[in-house]
Amino acid sequence: MIGGLSSAGRTSYGPGMQWNDRWVLITGASSGFGAAAAEAFTRAGAHVLLGARRRDRLAQVAEACRKTGARAEFHELDVAATSSVTEFVDWAGSFTPHVDVLINNAGGALGLDTVAAGRDEDWEAMVQSNLLGLARVTRGVLPLIPHHRGASILNIGSIAGHQAYEGGSIYCGVKAAERSITQALRLELNGTGIRVGSLDPGMALTEFSDVRFRGDTARAAQVYRGVEPLVAQDIAETLLWMASRPPHVNIDEIVIKPTDQAAIHKVHRRATA
Ligand code: NDP
Ligand code: 8X3
């Protein structure tokens, strides 16, 4: 026995890990990273509990996940409202007494305004979803996360949390705060066996820029002009890898960027027609 875990318990993880009796709860599962993570974990055999505001999109994601034979349940969730988070967690608890992986993914950026031109409603929404939402969901779900079974809390940060850029002030700020919350949780949960990690992507092609630029798809497309960005599946596979390490291994932080993006401001762009 090591740290209360039998050797049998340890060997059930790793590349051959059995996901069949495991539940994964994902916020922001209606598109992008969250939807891809739902598909990756169900393909591995896990069951998923999916939350976001757009029910119709959640239904599509759940339907795709069920084709693997796994269970995929969904419920409306607005991480910006404590009442919605409470209702969602109660709903989740009606399916399972244990959530083995919590993926705090809901969030995004609104606008690319300088501080001088920034709008209260954008700032408040970014703080509510990326920062307070992550804390609310974690507080709510923690009682369902088992100790000493290799459970994980995986938070989605960003390279914006490592380096600020013009027009990104509040978004960069909340993603920097995500790293601090992750580090605090890692300390607070030390001894419980619950792993805590942050996955911090660079430029990835999802609905992120469409949302940021409020449906201005031409402007959103310019972000990825001449670049081969990450795709949602890159993030999903990395999340699955992080959660599949043996229980004594905690991946604290991963920064993942497109090969074309050496730094926030250093992006290689090919000539386009
Ligand atoms: P998407 O816009 O495709 O996905 C964002 C998800 O978050 C959607 O499912 C959306 O669902 C959900 N969401 C937003 N606000 C709320 C809310 N208040 N309550 C519940 N769900 C919410 O973008 P990505 O997949 O790219 O973004 C996922 C995460 O990754 C975000 O935290 C983002 O900041 C981060 N990120 C993205 C990068 C990129 O370049 N794409 C790079 C680094 C980090 P709905 O609208 O239905 O509620
Ligand atoms: C998304 C990456 O660089 O657009 O978090 O902020 S960036």
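**Ligand 2 and aspartate 78, reasoned through**

Me: What makes the pairing of tyrosine 165 with ligand 2 a polar contact?
Reply: In this predicted model, a side-chain N or O atom of tyrosine 165 sits 2.6 Å from an oxygen atom of ligand 2. The cut-off for such a pair is 3.5 Å, so the pair qualifies as a polar contact.

Me: How do you know that tyrosine 171 and serine 158 belong in that discussion too?
Reply: The side chain of tyrosine 171 has an N or O atom 2.6 Å from an oxygen atom of ligand 2. For serine 158, a polar side-chain atom is likewise 2.6 Å from an oxygen atom of the ligand. As for cover, ligand 2 on its own has 240 Å² of accessible area, and the protein covers 82% of that.

Me: Which residues surround ligand 2, and what kinds are they?
Reply: The shell consists of Ser158, Ala160, Tyr165, Tyr171, Phe208 and Arg212. By kind, four are nonpolar, one is polar and one is charged. Tyr counts as nonpolar here, so Tyr165 and Tyr171 fall in that group.

Me: Happy to move on! Why is aspartate 78 called partly exposed?
Reply: Its relative accessible area is 29%. Buried would need under 20% and exposed over 50%, so aspartate 78 falls in between.

Me: Where does aspartate 78 lie, and what does it touch?
Reply: Aspartate 78 is in the loop that runs between strand E3 (72-76) and helix H4 (82-93). Leaving aside residues up to four places away in sequence, aspartate 78 touches Arg53, Ser84 and Val85.

Me: How far is aspartate 78 from arginine 186?
Reply: The two are 108 residues apart in sequence, and their C-alpha atoms are 25 Å apart in space.

Notes. Residues numbered from 1 in each chain as written. Chains lettered and ligands numbered in written order. Predicted model: local features only at pLDDT ≥ 70, side-chain atom pairs only at ≥ 80, totals over all residues. Heavy atoms only, no water. Near = heavy atom within 4 Å. Polar contact = N/O pair within 3.5 Å; in protein donor to acceptor, adjacent residues only side chain to side chain. Areas by Shrake-Rupley, 256 points an atom, 1.4 Å probe, with all protein chains shown as cover. Helix = DSSP H or I, 4+ residues; strand = E, 2+ residues; numbered from the N terminus. Buried < 20%, exposed > 50% of the residue type's maximum accessible area, 1.4 Å probe, protein only. Contact = heavy atoms within 4.5 Å.
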